[in-house]
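Welcome! Take a moment to look over the sequence and the model, and then we can go through some questions together.

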Amino acid sequence: MRTDTGQVFKLEDYRPSDYLIPRTELSFRLSPDATEVKAVLTIERRDGVATTAPLVLDGDGLLLKKLEIDGTPLAQSTYTVTPDRLEIVHPPEAKRFTLTIETEVAPVHNEALMGLYLSNGVYCTQCEAEGFRRITYFLDRPDILSVYTVRIEAPKAEAPLLLSNGNPLERGEMAGGWHYTVWHDPFPKPSYLFALVAGSLGILSDRFVTRSGREVELGIYVEHGKEKLADYAMDALKRSMKWDEDVFGCEYDLDVFNIVAVSDFNMGAMENKGLNIFNDKYVLADRETATDADFANIEAIIAHEYFHNWTGNRITCRDWFQLCLKEGLTVFRDHEFSADQRSRPVKRIAEVRTLRAHQFPEDQGPLAHPVRPRRYREINNFYTATVYEKGSEVVRMIRTVLGPEAFRAGMDLYLKRHDGEAATIEDFLKAFEDASGRDLSQFALWYHQAGTPNLTVSSAYNAAAREFTIEIEQSVPPTPSESRKRLMHIPLAFGLVGADGRDMAYESVEGAMVDDGVIHVRKRRHSIRFSGIAERPALSLNRGFSAPITLSVEQKTEDRIFLSGHDSDPVARWQAFNTLLTEALIAASRQIRGGKRPVFSDRLSALAGQIACDDALEQAYRALALALPGEADIAREIGNDIDPDAIFAAREALAKRIAEENGPSLRDLYERLRDNGEFSPDAAGAGRRALRNALLDYLALLTDGASLAADHFRLAANMTDCAAALTVLAHRHSGTPQATGALAAFEARYANDPLVMDKWFLVQASVPGAQTVETVRGLTEHRGFSMSNPNRVRALVGTFANANQTGFHRADGEGYRFFGEMVLEAERRNPQLAARLATAMRSWRSLETGRRDKARATLLAISGTEGLSTDLRDIVERMLA
């Protein structure tokens, strides 16, 4: 584990390396305790670099066994070596030479899950961002592109499967029961895309014929006996390959494409060229073990990693500051894929909810950073919602600004111009400028400037002049290291909705560029006047969530209610109702803090009932609309002096009010949506289950709620319904015989399935209330829990910290103290995991004074621990700054 070096890397300091490595030949002789790694590197000095320039290679905890140049061993006086660095002081004067490095690593002891490690007896690698340097000394940076040939040797009985990147070249038997394979990847790639897998696994095989007629062998490797659980993943892969050809013109380029599912993985998956390695939770699924959300995640993540073949692999990023160039762009692509496969409006609303839940708090707290950071201390800490989700939103805005045809032309130009290169954000934007003839210099601030812009909006109607005026003022709040902000180019999609629910036409517009239903906000203030408006319209803003912004709109409640029922844009329609709910919950939480009983409008609960029973709306849409804003969402809108208990009480009161006012109609709809015995994870089936389970959550608050939820659990014919009922029982009726019985039955049935048991841990970790701290602490001793497995830790500890506002923020600080212990326990094994857990405390300054002081004490205790990794210290110190 690398402890804190204090080094800060800055975008402005980037310079090309003195040397290149055009060819890399690797040989592995696998052993749990002592894997021998031989790297034969073709080293090439860049043009113009002095022959006296030293060659400095990166390492991380390495043991050097041998070092040669052009076949001649190096004298120890000619180089310096530590576990983290190899410097050859006087390389050969020749422009090109061969460097041979032999190292030894111990995969079985690698609990950090970076580099080469063992997962349930299977050797696998994770090299992004800087894991390759844990395998051999190398120029471990994204702009060093090399052609790899890899030989893997292992005992055949232990590892009959030997995989690496590219295409298989040869395989054979060796003495002593060993065997080998050789793989070659003809496409130059950075070291972070290197992959190796070796072990005994089952395979699900298939094939795909590309649009040019090439046949590609497909393989998904899983634990023996779980091959059928990969059927949906294989189907998603084939659909992804076809979609990328049709929509972006991107054809797969190797003879094989392999996916391997492993149980110990720090992230969701990794896009290594031709050999994607996945967390098994994003591969394995059937109706008995996976929820509809699991199926949707598998579909999206399979697609995401495959789409990286072009946006990430064929074109990679020049340096880690450009991380959004591959991640944000590829998230946009997988979002578009899922929207085409399912319901576009429902998918878009889900994306907005995710962005607000994860990225907006990041932008508004101490961990705020631009989509393209300007500096970092530990790159692992910048795999964030800002890079991924906001990065995707920026790409979406480019399409909104340019239009779909110009956007596709820009993408085509980018892919053609930079294929085989390590590119930058400037390269990406230049392709769109050249393809469209548009200037994107102001728009580029979305990449360079942190923070969530806010638009303050008011409107007025002049009946005599038949004019409607919109006043817009733009602001961007200060963020760490950025107190003064520049004005953004914000594409604001809008509609002027008439009394009949249809968008009103206008004769002319002044005050801003308005194009195809989009106001291009570029200045501090705009006064936009629409003429020829026959009646006062209801103003619909940020349709389709055209920009990742917040809105402060002076708007009548009557207009919001009207838009909730009539806006033709589904996202804006959902937003109108969600805003009504949010405002009601904020007011109720303040009433509760003031010792008063919360008061809700009858119209609000009636509107909820109308939306629930409106068969003209998609069932999945109705389920999303009925989901009350989360406690963290409400806290974010309140801003400061947060009392999580008051917010929770407000949500419970409103949910009960909606249930009581609409009980008969909700119950009737619930019964009509009863499962007919068939199951499909498609949009229609998932939408029906989502709505029925949303109704169950409300109905569980009524007199017979516990019995209803217990029956739902008992009769569930799929994991979606089973998990939903278990959650309702545990959350709404904690401690009752129905809840304890369901938890016990679930555990007994799935005790030997770790991925399903994660749901069991998650449900209990998210039970509201002060008592959950003790429950979660006790569950860390459960035989199914392991601090060495990131999935288990995220399911229990991560859920408690991120999804249990009342338990985590317990007034006496016990939730923080327990969490601090768990973060430090994870730190000893896996610094990346510990750092990502710690971000749950990013909003601690917004709490009321008592909780704020206790949260700070926990952060100070973590910070004061000796020997912290760079990963964790970086996060904690930024939160304390």
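Q: On which residue is the kink in α5 centred?
A: This is a predicted model, in which local features need pLDDT of at least 70, side-chain atom pairs count only at pLDDT 80 or more, and totals for chains, interfaces and linings use all residues. Residues are numbered from 1 along each chain as its sequence is written, and side-chain values use heavy atoms, with hydrogens and water left out. The bend at a residue is the angle between axes fitted to the seven residues ending there and the seven starting there. In α5 there is a kink of about 30°, and its centre is G391.

Q: How far does α5 reach from its first C-alpha to its last?
A: Helices (H or I, at least four residues) and strands (E, at least two) are DSSP runs, numbered from the N terminus. Helix α5 covers residues 385-402, 18 residues in total. The expected span is 1.5 Å times one less than the number of residues, which gives 26 Å for α5. Close to that, the helix reaches 25 Å.

Q: Why is α5 largely enclosed by the rest of the structure?
A: Buried means under 20% relative accessible area, exposed over 50%, and partly exposed in between (1.4 Å probe, protein chains only). Helix α5 is largely enclosed because of how many of its 18 residues are buried: 15.

Q: Which residues does P190 touch, leaving aside those up to four places away in sequence?
A: P190 sits in the loop between β15 (178-189) and β16 (196-199), and it is buried, with a relative accessible area of 0%. Contact means heavy atoms within 4.5 Å. By that rule, P190 touches R141, P142, I144, L145, Y148 and T316.

Q: Which strands are at the edges of the open sheet β29-β30-β27-β32?
A: Two strands pair if DSSP finds at least two bridges between them. The four strands of this sheet pair antiparallel. An edge strand pairs on one side only, and this holds for β29 (513-515) and β32 (538-541).

Q: In β30, which residue is the bridge partner of D515?
A: Three bridges join β29 to β30 (residues 518-521), and the two run antiparallel. Within β30, the partner of D515 is V518.

Q: At about what angle does α9 run to β32?
A: Helix α9 (residues 557-566) lies across β27 (490-497) and β32. Axes are lines fitted to C-alpha atoms, for helices over the stretch in contact, and angles run from 0 to 180 degrees between N-to-C directions. On that basis, the angle between α9 and β32 is about 65°.
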